[in-house]
Amino acid sequence: MLASPVNPADINTIQGTYAIKPKQLPAVPGNEGVGVVVHSDPASTGLKLGDWVIPATPAMGTWQAYLLGAKSDFIKIPSNIPLASAATISVNPCTAYRLLNDFESLKPGDCVIQNGGNSAVGQAVIQLCREFGLKCVSLVRPRDDFKALKARLIGLGNSDTTVITDDELRSSMKGLRAQLGLNCVGGKSATEILRVLEPSRTMVTYGGMSRQPVIIPTSHLIFNDIKIKGFWMTRWNGENSIESRSKMLNEIASLMSTTKFLPPEHKFVPLAKYREALENTMKGYTGVKYILSFDKTQ
């Protein structure tokens, strides 16, 4: 292994509250990461020494220095991308890619509204909207450093990128009509997104950071025919072929190789200091993705 991020889902897995649980205990945590092949039979696996690979199956236990598996356990990815991008490519960027491609037939100029705009998925959505020619309105929580955060997020997008606080949506975006809504927060924030969706459009929920339910006004269902969907990247991976996943990963990696797609704000932490990464991730809303690094010389 070269690097593996600490995601909220990893914490939930350790707590026993995530949808996927280890097959047996004791178990090593970690669902995502990138490794380099150090031993393989190229004739049977197609993988050679030095290739970069990511796990093809969930709960492989990426928080360890070495992984052993079969050919079907890994997917080869390009090695010409930043290490932080490679370590975090399979969950958040892929989630953003699917959210923008699978629920509405969006065309250039259409508008996507999302909450959690500073999350890893939110940052990926902003960048993909830029590449797809879409307008993107990102909601974030009020904070002391809002101006700096707004400048950073707008820098990821294009001239049609808007960053506002949840409280500003009604006052500063009157008349807004979006063709797709993305929700990872829940509660009031999700309801506000519903209010600006065009009739017969979709809001997709892929997270619940506020731990509050998604409340849907009855009028939006009856009179506006709003569609409410859920998305889980792990389920999509299980329902689609390795070839489909590789095609998506290669497209995203192509953007990463030209610095058109940046990784989220991050901090590398040696495995020996894993407590720092876990404790800060459990605090939530840190604005930094902690990535465990594995130095084989230590």
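These legends walk through several close-up views of a predicted model.

**View 1. The two domains of the chain.** Here is a good place to get your bearings: the chain is divided into domain 1, made of residues 3–89 + 253–293, and domain 2, made of residues 104–230. Their C-alpha centres lie 28 Å apart. Nine residues from domain 1 and twelve residues from domain 2 take part in the contact. Between them, the two domains bury about 960 Å², and 57% of this area is on carbon and sulfur atoms.

**View 2. The annotated span at residues 3–75.** The UniProt record, an unreviewed entry, carries the annotation "domain: Alcohol dehydrogenase-like N-terminal" for residues 3–75. Follow the span from end to end and you will find its end C-alpha atoms 15 Å apart. Helix accounts for 16% of the span and strand for 15%.

**View 3. The largest nonpolar core.** In soluble globular proteins, nonpolar side chains tend to be buried together. In this model, the largest nonpolar core has 50 residues, of which I77, I89, L100 and L182 touch the most other members. Domain 1 (3–89 + 253–293) and domain 2 (104–230) each supply at least three residues to this core.

**View 4. A closer look at I77.** Which residues is I77 in contact with, leaving aside its neighbours within four places in sequence? They are V34, W52, I54, A86, I89 and L249. I77 and I89 are both among the core residues that touch the most other members.

**View 5. A second core and helix α8.** A separate core of 16 residues includes V137, L176, A178 and I193. I193 also belongs to the buried residues of helix α8. This helix, residues 187–195, is mostly covered, with seven of its nine residues buried. Alongside I193, the buried residues are G187, S189, A190, T191, E192 and L194.

**View 6. D110 in its loop.** Look for D110 in the loop that runs between α4 (92–102) and β5 (111–114). Is D110 buried or exposed? D110 counts as buried because its relative accessibility is 6%, and the cut-off for buried is under 20%. A polar atom of the D110 side chain lies 3.0 Å from the backbone nitrogen of K107. Leaving aside neighbours within four places in sequence, D110 is in contact with S105, L134, K135 and Q179.

How values were computed
Residues numbered from 1 in each chain as written. Predicted model: local features only at pLDDT ≥ 70, side-chain atom pairs only at ≥ 80, totals over all residues. Heavy atoms only, no water. UniProt positions renumbered as here; feature names shortened; annotations may be inferred. Helix = DSSP H or I, 4+ residues; strand = E, 2+ residues; numbered from the N terminus. Buried < 20%, exposed > 50% of the residue type's maximum accessible area, 1.4 Å probe, protein only. Polar contact = N/O pair within 3.5 Å; in protein donor to acceptor, adjacent residues only side chain to side chain. Contact = heavy atoms within 4.5 Å. Core = buried A, V, L, I, M, F, W, Y, C linked by side-chain atoms within 4.5 Å. Domains from an automatic or database assignment. Buried area = accessible area lost by both parts, 1.4 Å probe.
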